[in-house]
Amino acid sequence: MRIAVAGATGNIGARTVTALEQQGHEVVRISRSLGVDLQTGEGLDAALDGVQAVVDATNAPPADRAASVAYFGTTTRTLLAAEERAGVRHHVLLSIVGVGRTQGNAHYAGKREQERLVADGPVPWTIVPTTQFHDFAAMVTSWTEQDGAATIAPLLVQPVAPADVAAVLAEVAAGAPQGRHVDVAGPETQDLVDMARRTNQARGREVRLVPSWSGAFGTAMAGDVLLPGEDARIMPTTFDKWLAEQH
């Protein structure tokens, strides 16, 4: 198949491109750095010529609620309209487990708008909700790190390996639209603070971690809010195995 990946240079998008190519598909890379702009639509019609399925693995820059909703809204509308013009038969959206269970997070508000537009849109679709990635904890501390210390929320998560997520997206894109896919998660629950500490140590970095609910993740995200549903698809790669590859 000819499959396009939006966000093709990102963490998940690049891995999805690799997974699709390994399966013999022809992959079209969509990224602003490659001359295709989802905000303006520049280069998009040409990129989608002959494409049968699109994987949207794009991400948004950190922003407040209104800016996040506006960003995801614009890119998703632009992409879906171009897909309709091109006759694309399947839109696959990477989303997040639990986006509908908490209202305070700005990024989640943008993802909910994205899901709404896809579900109400003109292109047959599959939404793939995943838990946080194995590298999420260290990324969160990088947002707040200052003078060797960083705040981080003590979230309970069931993280999944980025490569495992890419494998699911590649599989789904090559198949028929499913509507909402079951939650995709890793095999074990983890504490985000402990994950950050261990990731930074594995990477040779010393960061003093300060557990706090004052940042992007408030107490509304405590408990089992971010955990997958009972019928979740559990992927094999453990956090320990992923961590061993960070040296």
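Select helix 1 (residues 11-22) together with helix 6 (residues 162-173) in this predicted model, and look at how they cross: the crossing of helix 1 and helix 6 is right-handed. The two helices pack at an angle of about 55°, with their axes 8 Å apart, and helix 1 and helix 6 are therefore oblique to each other.

Next, show the side chains where these helices touch. On the helix 1 side you will find Asn11, Ile12, Arg15, Thr16, Ala19 and Leu20, which meet Pro162, Ala163, Val165, Ala166, Leu169 and Ala170 of helix 6. Sorted by class, this contact between helix 1 and helix 6 holds 9 nonpolar, 2 polar and 1 charged residues.

Stay in helix 6 and centre the view on Val165, which counts as buried because its relative accessibility is 1%. Apart from its neighbours within four places in sequence, Val165 is in contact with Ile12, Leu94, Thr130, Phe133 and Val160. If you then pick Val128, which lies 37 residues from Val165 along the chain, you will find the C-alpha atoms of the two separated by 9.2 Å.

Now move to helix 4 (residues 106-119), whose 14 residues should span 20 Å at 1.5 Å a residue, and whose end C-alpha atoms are 20 Å apart, which agrees. Of these 14 residues 11 are buried, so helix 4 is largely enclosed by the rest of the structure. Among the buried residues to select are Tyr108, Lys111, Arg112, Glu113, Gln114, Glu115, Leu117 and Val118. To see what surrounds them, add strand 3 (53-56), helix 3 (65-86), strand 4 (90-96), strand 5 (125-130) and strand 8 (179-180), against which the buried residues of helix 4 pack.

Note on methods: Residues are numbered from 1 along each chain as its sequence is written. This is a predicted model: local features need pLDDT of at least 70, side-chain atom pairs count only at pLDDT 80 or more; totals for chains, interfaces and linings use all residues. Side-chain values use heavy atoms; hydrogens and water are left out. Axes are lines fitted to C-alpha atoms, for helices over the stretch in contact, and angles run from 0 to 180 degrees between N-to-C directions. Helices (H or I, at least four residues) and strands (E, at least two) are DSSP runs, numbered from the N terminus. Angles under 35 degrees count as roughly parallel, over 145 as roughly antiparallel, 65 to 115 as roughly perpendicular and the rest as oblique. A crossing is left-handed if the near helix is turned anticlockwise from the far one by less than a right angle, and right-handed if clockwise. Contact means heavy atoms within 4.5 Å. Ala, Val, Leu, Ile, Met, Phe, Trp, Tyr, Cys and Pro count as nonpolar, Asp, Glu, Lys and Arg as charged, and the others, Gly among them, as polar. The expected span of a helix is 1.5 Å times one less than its number of residues. Buried means under 20% relative accessible area, exposed over 50%, partly exposed in between (1.4 Å probe, protein chains only).
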